[in-house]
Number of protein chains: 2
Amino acid sequence: MVTIRDVAKAAGVSLTTVSRAYNPKAVIRQSTRERILKLAHEMGYVPNLSARSLVTNQKFVLGVFFSNLRSGTPETFLSTVINSVYEVLPDDYLLSVNDIAHLSNFEARVQMRMAGVLVVSQSPDDDAFIQRLAQAQIPTVVINRDLEDPLSYNVCSDDRLGVYKAMQYLAQAGHQRVGMIAGLPSYTSAHQRRQGFDDGVADFGLTRVDAAMRPGNYSAQAGRKQMQAILDLPSDQRPTAVICADDDTAVGALRACYQAGVSVPAGMSVVGFDDSIYAAMSVPALTTVKKPIVQMATAGIAKLLALIAGEVDTVVHKEVIAPSLIVRESVLDRHK
Amino acid sequence: MVTIRDVAKAAGVSLTTVSRAYNPKAVIRQSTRERILKLAHEMGYVPNLSARSLVTNQKFVLGVFFSNLRSGTPETFLSTVINSVYEVLPDDYLLSVNDIAHLSNFEARVQMRMAGVLVVSQSPDDDAFIQRLAQAQIPTVVINRDLEDPLSYNVCSDDRLGVYKAMQYLAQAGHQRVGMIAGLPSYTSAHQRRQGFDDGVADFGLTRVDAAMRPGNYSAQAGRKQMQAILDLPSDQRPTAVICADDDTAVGALRACYQAGVSVPAGMSVVGFDDSIYAAMSVPALTTVKKPIVQMATAGIAKLLALIAGEVDTVVHKEVIAPSLIVRESVLDRHK
DNA sequence: ATGAAAGCGCTAACAG
DNA sequence: CTGTTAGCGCTTTCAT
């Protein structure tokens with residue numbers, strides 16, 4: 001293993017000079033730096049980060065935490081977020097992927113070793129963890145969930161607006177009677193999506209079909225069961241379109257329609273939320289609100305890197321990104 | 001920050017003794033060890049791994065590499081593999097997720113810092129990377145792909161057998177005329193799956209419909225296009241069932257049927273491969289061969305940990321796991 | 001069974 | 001602009 005000493009000897013300078021060559025803001029003659037860097041590279045020298053960490057206390061791992069990797073994390077999140085992180089990750093940093101629900105040894109894994117943490121949060125269950133990060137003074141950015149009382153930087157999407165846009169689209173497509181299969185009441189996003197629904201009904205003069213306002217839990221099972229209940233309604237009492245709290249719910253709803261022999265969108269229109277990978281794959285392909293996960297991840301990681309670099313920004317604590325509507329096949333245009 | 005010195009002082013022993021308390025195989029009186037460990041814990045002492053690494057050269061990061069996180073990695077792989085790793089990961093290890101196709105700085109990220117690497121390989125493109133790991137003497141296990149000439153431990157699934165099982169099922173369900181939409185010819189798995197098809201045709205007396213033997217590339221687009229071509233055949237020249245090289249292809253095939261007004265499975269049976277997350281979600285739900293990803297990951301990580309621990313095993317270099325058939329709705333039972 | 005001392009590879013004052 | 005020196009927190013001989 002070639003160390004800084006070997007390089008120093010070969011270059012005919014002291015350890016310190018070599019060390020400085022690797023430190024961008026050290027004062028050193030440009031020509032010496034170049035000469036050393038070139039030589040070091042030829043010799044196959046790679047700085048030992050353990051040694052550096054030991055003296056500087058710097059860390060070279062960036063942590064990404066998901067609420068629960070075993071269930072509930074939309075699969076697209078994982079790869080999308082990881083990719084976004086790598087876009088901008090300094091090339092001596094490692095990216096560690098973790099699961100809040102099953103984390104053990106916070107001290108050794110997180111506190112001692114992570115330069116910063118990006119939390120992709122799905123639920124308030126993560127609050128204890130987020131608080132712990134704050135206490136440990138670890139630079140943290142929370143994305144995906146709207147933090148009520150932000151202890152950390154927070155980048156989230158405007159879910160209310162997303163559903164509102166879907167409602168507008170429904171109205172324009174000539175729908176009048178609408179229903180909704182909701183999300184888990186304990187989730188902030190569920191309320192925001194419901195709010196978008198209510199605002200849409202009010203602003204676009206739609207009719208809320210109370211018997212078609214159903215509870216749900218972000219699962220396909222619930223989506224199926226609740227859509228069955230809606231389809232059990234006499235056809236003149238049914239809504240012509242149903243907004244689902246997420247794509248899983250919507251896919252379940254699609255299945256219920258299929259099994260009941262109701263064609264989508266001819267007999268029932270369905271709208272999802274998230275734009276998960278199977279939204280485009282489903283039959284029919286799902287019209288859905290695309291959660292701006294790429295934008296949240298990109299903005300979040302940029303902020304995190306700035307925090308780590310010490311560029312503190314005490315003003316902006318929350319950033320809200322607008323989602324967009326992806327029109328596919330599951331909503332009928334009643335004007336045609 | 002509390003260091004080993006502080007603990008030593010508080011316990012009235014030397015640094016060395018505290019260090020020994022943390023080293024399972026050091027000679028130290030049991031009662032002293034317990035006393036020290038308890039005290040250290042109370043004081044909030046956490047061993048500094050940078051310092052330990054510096055002297056022992058041990059590493060405390062386990063790397064998981066995927067062929068390409070931006071495309072081609074079935075989404076389920078990611079979370080499944082990560083979960084399997086955490087099942088057994090020692091709690092002072094970090095898990096780092098990486099992308100072979102976009103890896104930079106091998107030396108600093110991998111060579112200097114990873115105790116071992118689990119490669120979830122999709123294609124021969126990864127061979128250069130695998131070779132590099134071998135050269136760098138990094139404990140490595142490659143899963144998911146059948147390595148022709150294993151430089152590393154290799155855990156893969158018997159894809160031939162998987163398709164063969166599907167063929168058997170088709171035969172039992174009364175199908176006679178069969179076709180296939182294949183995978184990328186450059187992939188070993190494509191050949192193995194094709195072999196399973198051919199073996200199935202031979203052993204179960206099925207009829208291979210040559211006009212329905214189509215190329216593919218593991219994408220829904222290809223699946224759709226190729227199924228369209230199959231559906232363009234006069235109905236008496238069509239196969240009654242088509243095996244797809246993977247679930248993406250199968251989902252595309254499902255769409256083609258839907259658009260052509262051919263109902264699945266009544267008018268056409270479709271079988272996938274992988275058991276990806278949308279296999280259960282599709283309409284109709286896909287009958288498919290489940291790739292034993294959990295088993296591969298579990299076996300692979302166990303082997304990797306053994307390698308890291310220095311328990312070398314020069315005999316077994318490859319482990320092959322049998323996949324299973326998941327019966328859902330996309331195959332017609334022609335006996336009914 | 002325990003302690004003293006040396007040193008892992010590097011950075012950070014402090015001099016020059 | 002460059003070199004000398006003193007550690008960072010820990011493990012490891014070598015004594016005792």
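The surface near DNA strand C is made up of 11 nonpolar, 9 polar and 3 charged residues. This is a predicted model. Two protein chains, A and B, feed that surface through their α2 (15-22) and α4 (49-56) helices. Across all chains, the structure holds 26 salt bridges. Chain B also carries an open sheet of 6 strands with mixed pairing.

**Surface near DNA strand C**

- There are 23 residues around DNA strand C, and the nearest are A:Ile4, A:Ser19, A:Tyr45, B:Thr17 and B:Arg20.
- Of the strand C atoms that come within 4 Å of the protein, 65% belong to sugar and phosphate.
- Four helices each supply at least two residues: α2 (15-22) and α4 (49-56) of chain A, and α2 (15-22) and α4 (49-56) of chain B.
- The largest share, 5 residues, comes from α4(A).

**Polar contacts to DNA strand C**

- B:Thr16 uses its side chain: one of its N or O atoms is 3.0 Å from a base nitrogen of strand C.
- A:Ala51 uses its backbone: a polar atom there is 3.4 Å from a base nitrogen of strand C.
- B:Arg29 also offers a polar backbone atom, which is 3.0 Å from a phosphate oxygen of strand C.

**Salt bridges within a chain**

- Side chains of opposite charge can pair when their charged atoms come close.
- A:Asp146 and A:Lys318 form a salt bridge, with N to O at 2.1 Å.
- That pair links distant parts of chain A, 172 residues apart. A:Asp146 sits in the loop between β4 (140-143) and β5 (153-157), while A:Lys318 belongs to strand β11 (residues 318-321).
- A:Lys318 counts as partly exposed because its relative accessibility is 30%.
- B:Glu107 and B:Arg132 form another salt bridge, their closest N and O atoms being 3.2 Å apart.
- This pair joins two helices of chain B: B:Glu107 is in α6 (residues 106-111) and B:Arg132 is in α7 (residues 127-135). The two residues are 25 residues apart.
- B:Glu107 has a relative accessible area of 30%, so B:Glu107 is partly exposed. B:Arg132, with 38%, is partly exposed too.
- A network of salt bridges links A:Asp275, A:Lys290 and A:Arg328.

**A salt bridge between chains**

- The side chains of A:Arg255 and B:Glu329 meet at 2.7 Å, N to O.
- The pair crosses from helix α11 (residues 247-259) of chain A to the segment after β12 (324-326) of chain B.
- A:Arg255 counts as buried because its relative accessibility is 9%, under the 20% limit.
- B:Glu329 has 28% relative accessibility, so B:Glu329 counts as partly exposed.

**The open sheet of chain B**

- The strand order is β7-β6-β8-β9-β10-β12.
- β7 (207-214) and β12 are the edge strands, and each pairs on one side only.
- From one strand to the next, the twist averages 25°.
- Strands β9 (residues 269-274) and β10 (residues 287-290) run parallel and are joined by 4 bridges.
- Opposite B:Val271 stands B:Thr287, a residue of β10(B).

Technical notes. Residues numbered from 1 in each chain as written. Chains lettered and ligands numbered in written order. Predicted model: local features only at pLDDT ≥ 70, side-chain atom pairs only at ≥ 80, totals over all residues. Heavy atoms only, no water. Near = heavy atom within 4 Å. Polar contact = N/O pair within 3.5 Å; in protein donor to acceptor, adjacent residues only side chain to side chain. Nonpolar A, V, L, I, M, F, W, Y, C, P; charged D, E, K, R; others polar. Salt bridge = Lys/Arg side-chain N within 4 Å of Asp/Glu carboxyl O. Buried < 20%, exposed > 50% of the residue type's maximum accessible area, 1.4 Å probe, protein only. Pairing = 2+ DSSP bridges. Axes fitted to C-alpha atoms, helices over the stretch in contact; angles between N-to-C directions.
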